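Q: I would like to go through this model and ask, for each label, what justifies it. Where should we start?

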Amino acid sequence: MNASPDSIDLSTQRALSDWLPGRLAAENPSILVIGDVMLDGWWSGSIERLCREAPAPVVDIQTRESVPGGAANTAMNLAALGAKVAVAGIIGTDDAGEDLRGQLAAAGIDVRHLHTHPDMVTTTKIRISSGGQVMLRLDDSAGTVPAEALAALAASVRAAVERQDAVLVCDYGTGVVAGPVRAALAGTLGNWTGEGRPLVVVDAHDPRPWAALQPDLVTPNAQETARLLDRRLPEGQGRVDAVGGAAADLLASTGARAVVVTLDRDGTVLLTPDGVRHRTWARPAAEKQASGAGDTFVAALTLARAAGLPLTASLDLAQSAADVVVHQPGTSVCSTAQLSRYLEAFADTALSEEELERQLELHRAQGQRIVLTNGCFDVLHSGHTRYLNQAKQLGDILVVALNSDDSVRRLKGSGRPINTMADRAAVVAALSCVDYVTVFDTPTAAPLIRLLRPEVYAKGGDYTPEMLAETPAVEEYGGRVAILDYVAERSTTAVVNRIRDGQGAATAP
């Protein structure tokens with residue numbers, strides 16, 4: 001979008017632009033990460049023989065790398081994205097603990113609340129790989145966390161939470177944040193009255209014990225969600241539908257204001273008490289050594305919300321950050337610069353009709369259904385993103401055809417578009433639900449429809465099929481016209497009028 005980052009109220013920003021990560025970093029929110037800090041080891045080498053004792057490969061180790069993992073990786077991601085980070089947890093006085101503390105401190109993270117105990121074993125996870133394939137993982141952790149260490153961490157909770165914009169709990173079940181630590185957090189955050197309560201995000205294997213915190217967000221994955229619901233989830237779209245249908249149960253059991261279910265290759269689903277349901281789609285990679293994308297996701301989500309970005313836009317930003325790290329080997333972090341470059345890559349991404357036709361032929365050869373929609377998409381707002389999310393769920397591949405600048409002027413008048421075609425294409429393409437963007441200049445999208453022959457043509461609910469000039473073109477080859485929800489109070493014209501005429505400030509969700 002053309003607007004200067006400094007002129008944007010983040011609470012109204014609903015589209016992803018390459019300048020947005022820098023603007024969020026400039027907010028520099030203070031965030032406490034408390035939970036199970038770990039050290040990840042990545043050892044790699046070559047395999048040329050089997051050992052004599054057993055039919056097992058011998059890995060001749062050539063490289064060794066150690067990086068913060070678990071809650072420590074989440075803290076590293078937050079620091080790389082521009083937050084002012086403090087970490088609270090328990091480590092041992094062993095070599096792994098010293099290494100972990102040193103790496104966190106070197107990244108500018110406050111480690112004053114990272115407690116040590118001589119009887120504590122710093123949790124380590126060493127992955128041994130060869131040729132890009134992880135062959136074995138060695139886990140080393142304390143069987144029982146020393147009571148004295150738990151008491152010391154619990155006693156420091158109030159001081160650690162003070163003056164934080166957000167508190168992120170990372171509970172992976174090692175016992176570090178159980179018992180007295182959880183009680184201290186519940187006593188501090190659950191009973192918070194008045195203004196100034198920090199954003200509370202819980203990323204836990206079991207979020208139910210944290211309901212007393214009344215978290216703003218919980219982020220269970222598919223397996224954790226299945227345990228919460230006490231039933232097995234289906235695969236693919238069926239899994240998404242099952243999660244959406246269980247929104248009330250998930251919200252009630254976690255005590256959260258919103259639940260974000262992460263589904264790996266299927267992206268994420270947002271569930272809220274007022275019925276808001278937002279979906280993101282992952283752009284997965286085949287990297288066999290990638291790890292920690294969930295840590296990156298929750299870090300970016302927490303940063304964006306703490307800085308004031310709306311929840312749905314925060315979700316899209318977090319998905320983009322996770323997409324960055326899945327293309328990197330090992331336990332990786334996503335920095336502000338990397339996220340900006342990723343979003344910038346969507347600029348000028350509109351395909352020609354001929355190139356798009358070739359791409360869609362490849363998808364059809366794989367049995368995938370094509371959904372096409374079209375519009376100006378000048379100033380993107382929540383009505384647009386809801387509509388595009390719904391359109392994506394009608395098939396496998398979503399194509400958005402944008403009116404050219406001249407076409408927008410013919411439709412809307414000389415004062416439009418607010419944003420150029422290149423800017424509009426970049427913003428729409430950055431949405432995780434959108435697979436391809438193209439541009440058309442004809443009075444209707446009918447010629448493009450006849451060329452691409454999408455299985456589904458989708459439009460907003462302020463139309464009926466009979467009203468659409470494109471309907472005959474769709475029906476010629478047996479396609480289907482789908483009319484989606486129309487959110488009357490959300491319109492580009494209303495947004496433009498508010499900007500131009502000062503017709504009242506918008507309120508963030």
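A: With a definition: two strands pair if DSSP finds at least two bridges between them. The model is predicted, and one open sheet in it has 4 strands in the order β3-β2-β6-β7, with mixed pairing.

Q: What makes β3 and β7 the edge strands of this sheet?
A: Each of them, β3 and β7 (133–140), pairs on one side only. From one strand to the next, the twist averages 20 degrees.

Q: How do you know that strand β2 and strand β3 pair?
A: Pairing needs at least two bridges, and 13 bridges join β2 (residues 37–50) to β3 (residues 57–70). The two strands therefore count as paired, and they run antiparallel. Glycine 45 stands opposite isoleucine 61 in β3, and methionine 38 has glycine 69 in β3 as its bridge partner. A hairpin of 6 residues joins β2 to β3.

Q: Which helix packs on the sheet, and what does it touch?
A: Helix α2 (residues 71–80) packs there, touching β2 and β3. The direction of α2 makes about 65 degrees with that of β3.

Q: What makes strand β8 count as largely enclosed?
A: A residue is buried when its relative accessible area is under 20%. In β8 (residues 166–171), 6 of the 6 residues are buried, so the strand is largely enclosed by the rest of the structure. Ala166, Leu168 and Cys170 point one way from β8, Val167, Val169 and Asp171 point the other way, and all are buried.

Q: How do you know that β8 pairs with β1 and with β9?
A: The requirement is again at least two bridges. Strand β1 (residues 30–35) and β8 have 5 bridges, in the parallel sense. β8 and strand β9 (residues 199–204) have 6 bridges, also in the parallel sense. Both pairs therefore meet the definition. As for single positions, leucine 32 stands opposite valine 167 in β8, and leucine 168 has valine 201 in β9 as its bridge partner.

Q: Why are helix α1 and helix α12 called roughly antiparallel?
A: Angles over 145 degrees count as roughly antiparallel. The axes of α1 (residues 20–27) and α12 (residues 336–344) cross at roughly 155 degrees, coming within 8 Å. The two helices are therefore roughly antiparallel to each other.

Q: Which residues meet between α1 and α12, and of what kinds are they?
A: Pro21, Gly22 and Ala25 in α1 meet Thr336, Leu339, Ser340 and Leu343 in α12. The residues of this contact divide into 4 nonpolar, 3 polar and no charged.

Q: Why is helix α14 described as largely enclosed?
A: Of the 11 residues of α14 (residues 382–392), 9 are buried, so the helix is largely enclosed by the rest of the structure. The buried residues include Ser382, His384, Tyr387 and Leu388.

Q: Why does threonine 262 count as buried?
A: Its relative accessibility is 17%, and the cut-off for buried is under 20%. Threonine 262 therefore counts as buried. Threonine 262 lies in strand β11 (residues 259–262).

Q: What is threonine 262 in contact with, leaving aside its neighbours within four places in sequence?
A: Threonine 262 is in contact with Thr219, Pro220, Asn221, Ala222, Gly267, Thr268 and Phe297.

How values were computed: Residues are numbered from 1 along each chain as its sequence is written. This is a predicted model: local features need pLDDT of at least 70, side-chain atom pairs count only at pLDDT 80 or more; totals for chains, interfaces and linings use all residues. Side-chain values use heavy atoms; hydrogens and water are left out. Buried means under 20% relative accessible area, exposed over 50%, partly exposed in between (1.4 Å probe, protein chains only). Contact means heavy atoms within 4.5 Å. Axes are lines fitted to C-alpha atoms, for helices over the stretch in contact, and angles run from 0 to 180 degrees between N-to-C directions. Angles under 35 degrees count as roughly parallel, over 145 as roughly antiparallel, 65 to 115 as roughly perpendicular and the rest as oblique. Ala, Val, Leu, Ile, Met, Phe, Trp, Tyr, Cys and Pro count as nonpolar, Asp, Glu, Lys and Arg as charged, and the others, Gly among them, as polar.
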